[in-house]
Amino acid sequence: MNQEQWTAVDRYIGETVVPSDAALDAAIEASAKAELPAIAVTPNQGKLLQIFARLVHARRVLEIGTLGGYSTIWLARALPEDGRVISLELNPKHAEVARSSIERAGLSKKVEIRIGRALDTLPKLAAEAQKKDPFDLIFIDADKASIPEYFTWSLKLSRPGSLIIVDNVVRKGAIVDAGSSDEDVQGVRRLNDMLATEKRVTATTIQTVGSKGYDGFTLALVNSLT
Ligand code: SAH
Ligand code: DHB
Ligand code: MG
């Protein structure tokens, strides 16, 4: 089994189970044209996010790490008319590309992008949350070193039944190396140490292969918050 084969299978899935459409294709093209890194979720992963959002009947979604808005579009399409994705992005250029792709997809009314370091934006969101509903689904996909902090904030912004999804938690298997000097790996390992004893969620991690290589995601379903 190799990368070539994983890529061929992802392509085949895209031709059958997960057909693309003009707005999704345009979002990827706009990201490439603006020279954003090609690290968006794959189409089949995007659709998985959409399925999860529907399963939890999501009305409010929080995304940490917008990039060009590709995953944002998949998530926003899962929402009812009055639903909303709030997506946090550090890089104003990424946010601009995303806004334009989200507008092209006809989803501007459902998506709000907040520019800044997520660790600065999250406390403000938590302050607003006194007045607003908690998030039904949270997708953590920004810098990996801060994953544990994002997870802690996510719990504060959740309700029992909320689903927290963390991308890129296997990193070609590098996460088993306790002595890794890679701060991304250490971020994931700190999350896993938290999950080992965290009673407020029911969590699992799934390894994945595909056109983006060998990686994985963690799912944490919020039980109760006490
Ligand atoms: N969710 C996107 C991919 C996100 S890539 C998709 O699948 O389509 C990660 C994004 O996180 C990048 O755009 C990067 O600029 C952003 N990012 C990195 N550090 C951040 C931080 N501290 N706060 C907010 N966003 C950050
Ligand atoms: C990287 C980030 C991602 O969110 C991803 O899905 C893949 C790679 C990265 O920073 O390399
Ligand atoms: Mg990712």
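Which exposed residues does the face of α5 turned away from its buried side carry?

## Helix α5: the two faces

The exposed residues on that face of α5 are Glu96 and Glu103. The model is a predicted one.

On the other side of the account are the buried residues of α5: His94, Ala95, Val97, Ala98, Ser101 and Ile102. Viewed down the helix axis, the buried residues of α5 fall within an arc of 165°, so they line one face of the helix. An α-helix has 3.6 residues a turn, so residues three or four places apart point the same way. The buried residues of α5 pack against two helices, α2 (22-33) and α4 (70-76), and two strands, β2 (84-89) and β3 (111-115).

## Helix α5: length and ends

α5 covers residues 92-104, 13 residues in total. From its first C-alpha to its last the helix reaches 18 Å, close to the 18 Å expected at 1.5 Å a residue.

At the start of α5, the backbone nitrogen of Lys93 has a side-chain oxygen of Asn91 within 2.8 Å. Gly106 follows the helix, and its phi is positive, near 75°.

## The largest pocket

The largest pocket has a volume of about 710 Å³. Its lining is made up of 36 residues, and those nearest its centre are Ile39, Asp141, Ala142, Asp143 and Lys144.

Two or more lining residues come from each of α4, β2, α6 (118-128), α8 (183-197) and β7 (213-222). Of these elements, α4 and β2 also pack against the buried residues of α5.

How values were computed: Residues are numbered from 1 along each chain as its sequence is written. Chains are lettered from A and ligands numbered from 1 in the order in which they are written. This is a predicted model: local features need pLDDT of at least 70, side-chain atom pairs count only at pLDDT 80 or more; totals for chains, interfaces and linings use all residues. Side-chain values use heavy atoms; hydrogens and water are left out. Helices (H or I, at least four residues) and strands (E, at least two) are DSSP runs, numbered from the N terminus. The expected span of a helix is 1.5 Å times one less than its number of residues. Buried means under 20% relative accessible area, exposed over 50%, partly exposed in between (1.4 Å probe, protein chains only). The arc is that of the directions from the helix axis to the C-beta atoms. Contact means heavy atoms within 4.5 Å. A polar contact is a pair of N or O atoms within 3.5 Å; within protein, one must be able to donate a hydrogen and the other to accept it, and residues adjacent in sequence count only if both atoms are side-chain atoms. On a 1 Å grid over the protein atoms alone, a cavity is a set of points where a 1.4 Å probe fits but cannot get out, and a pocket is an open set with protein on both sides within 12 Å along at least five of seven lines; lining residues have an atom within 4 Å of a point. Grid points are joined across faces, edges and corners, and a volume is the space filled by probe spheres set on the points.
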